[in-house]
Amino acid sequence: MDPVSKIQLAPNPPQRHDLDADGESLRLLQAWLPRYGNICRVSPLTRTRDALVIHHPDDIRQVLLVNRANYTKGVGLERVRMLLGNGLIVSDGALWMRQRRMMQPLFHSQVLRGFSELIRRENLALVERWAEVAARGESINLTRELSELTLAIVLRSLISSDLDRLIDAHGENPFALLTRQSRRDLAFAAQFRALVPLVRETIERRRREGRIEHDFLSMMMETRDRDTGEAMPDRALLDEIMSLIVAGHETTASTLNWTWYLLSQHPDVEAGLHRTADALAPELSASEAAKLPEVAQILEEALRLYPPVWLFSRRALRDDSIGAYAVPAGTDIFICPYLLHRDPAHWHEPEVFQPRRFAPEEATDRHRFAFLPFSAGPRHCIGEGFAMSEMAAHLILVARRLRLEYCGSTTPEPEFLINLRTRQDLQMRPVAR
Ligand code: HEM
């Protein structure tokens, strides 16, 4: 008898549903998890197999880490592949392994230190603009501003001065559609893919000119596979660049958007940030900012309450079991950081914004797999260090000069799509400190 047939099937709510990154899936999971426990089996509407939702950190650890060789990326990536090509986020097997091996050293903390100045420059320019808005007593569309900031930072870290050349040639930033459109549908995918030739031309131009810049593109062109000694093929180079543009921009923008809202509602935490910012040397770098515990705790708490990647999935390659339950080969397994991060089994007063809960002395008995904003295991976010230093530097550089007051009268509503965003853009009033 095979191992799967010896064990039972996980409890199964009567309603059929194709789980996906949308609000209806979240509503159903919110209803099902308390009723069916830490694992439930969801029968599909149009797909061929039942899916599993796992919610216990031990089970999540088994899928993401202990038995990781048995799990590949899951359902829902077809649309993402249309947008990003076959970059790290969607690739699997030998291609993913080779690409991750080649890309990992580029995200080492020492290499990332080289981007500190660029992050600082972009933020100082933003603070100057916001200070002028403050002087006029006006407000900013924070969501839009952060989207533009994080896009500029990721583009300059990828292609540095070639961005200026593209802006000159097109009269504007050709990638700006990423900040103007929030939909990530087929029409958007077509527009975004139309930008691939610009990146291809940039690669060819650098080769022709023998030009090497201090950016990800040059590092990716120069790197060699340590096993084969080969360079990254152009197809992979293009797919990785397009993936990093999207992965490196929306997630950080959304986290900072929520963070400023949360700070505006918690004057005590905001005052602590001001004290930290005021005590620092003016030339503090982005990588140093990320090491400040108070700042990291604010960001972690925002990521706990509003993880941009609020739902993700894996697919079982072979039969497995989780606890007493069967996992037949081919099963899609869903993990929901949004619900995990708000589960009272792991978090005291889970709905309350309390950055101190991430202080080392407060977090001693928390399960490592109860907090997963960047996922875990071999496919965890490669950009975590980059994101944390970029976001920490932003908070410090703004907090030195300004406070942001929320102009709305109601709590912003979350929108559960591929990323967890605010449904409406946030309008904030910068005030000089
Ligand atoms: C707050 C910011 C960010 C969050 C919350 C975040 C979250 C995540 C999560 C949860 C995953 C794994 C998804 C899964 O397991 O299915 C992931 C993967 C990834 N992220 Fe991030 N990310 C952030 C910023 C960034 C940045 C700044 C970059 C690049 C500059 C980046 C590049 C990637 C890539 C390439 C992957 C795929 C890794 C692989 O599968 O090998 N991310 N991210």
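The following questions and answers walk through a predicted model, from its iron site to its helices, core and single residues.

Visitor: Which residue of the protein is the donor to the iron atom of the ligand?
Guide: In this predicted model, the place to look is the loop between α18 (337-340) and α19 (384-401), where a cysteine is found. The SG atom of that cysteine is 2.3 Å away from the iron atom, and the protein offers a single donor. The residue is Cys381.

Visitor: Are helices α14 and α17 roughly parallel or roughly perpendicular to each other?
Guide: Helix α14 covers residues 234-265 and helix α17 covers residues 293-305, and the two pack with their axes 9 Å apart at an angle of about 105°. Angles of 65 to 115 degrees count as roughly perpendicular. The two helices, α14 and α17, are therefore roughly perpendicular.

Visitor: How many residues of the contact of α14 with α17 are nonpolar?
Guide: From α14 come Thr255, Leu256, Thr259, Leu262 and Leu263, which meet Ile298, Leu299, Ala302, Leu303 and Leu305 of α17. Among the residues of this contact there are no charged ones and 2 polar ones, while the number of nonpolar residues is 8.

Visitor: Which helix gives the most residues to the largest nonpolar core?
Guide: That core has 118 residues, of which Phe192 and Ile245 touch the most other members. Not counting residues up to four places away in sequence, Phe192 touches Leu83, Leu84, Leu177, Leu178, Met242, Ile245 and Val246. With 14 residues, the helix that gives the most to this core is α14.

Visitor: How many residues are in the other core, which lies apart from this one?
Guide: The members of this other core include Leu52, Ile60, Val327 and Ala376. Its count of residues is 18.

Visitor: Is alanine 316 buried or exposed?
Guide: Alanine 316 is found in strand β5, residues 312-316, and, leaving aside neighbours within four places in sequence, it is in contact with Asn70, Tyr71, Val327, Pro328, Ala329, Gly330 and Thr331. Its relative accessible area is 3%, and the cut-off for the term is under 20%. Alanine 316 is therefore buried.

Visitor: What is the separation of the C-alpha atoms of serine 243 and cysteine 407?
Guide: Serine 243 has its place in helix α14 and, at 4% relative accessibility, counts as buried. Leaving aside neighbours within four places in sequence, serine 243 is in contact with Leu84, Gly87, Leu88, Ile89 and Gly248. Cysteine 407 is 164 residues apart from serine 243 along the chain, and their C-alpha atoms are separated by 34 Å.

Visitor: What is the phi of serine 160, and what is that of serine 375?
Guide: Serine 160 lies in the loop between α8 (142-159) and α9, and is buried with a relative accessible area of 16%. Serine 375 is in the loop between α18 and α19, and counts as buried at 13% relative accessibility. Although neither serine is a glycine, phi is positive in each, at about 35° for serine 160 and about 65° for serine 375.

Visitor: Is histidine 170 buried, partly exposed or exposed?
Guide: Histidine 170 has its place in helix α9, residues 162-170, and its C-alpha atom is separated by 13 Å from that of proline 197, 27 residues apart along the chain. The relative accessibility of histidine 170 is 42%, and buried would mean under 20% and exposed over 50%. Histidine 170 therefore counts as partly exposed.

Terms used
Residues numbered from 1 in each chain as written. Predicted model: local features only at pLDDT ≥ 70, side-chain atom pairs only at ≥ 80, totals over all residues. Heavy atoms only, no water. Donors = N, O, S within 2.8 Å, 3.2 Å for Na, K, Ca; no water. Helix = DSSP H or I, 4+ residues; strand = E, 2+ residues; numbered from the N terminus. Axes fitted to C-alpha atoms, helices over the stretch in contact; angles between N-to-C directions. Parallel < 35°, antiparallel > 145°, perpendicular 65-115°, else oblique. Contact = heavy atoms within 4.5 Å. Nonpolar A, V, L, I, M, F, W, Y, C, P; charged D, E, K, R; others polar. Core = buried A, V, L, I, M, F, W, Y, C linked by side-chain atoms within 4.5 Å. Buried < 20%, exposed > 50% of the residue type's maximum accessible area, 1.4 Å probe, protein only.
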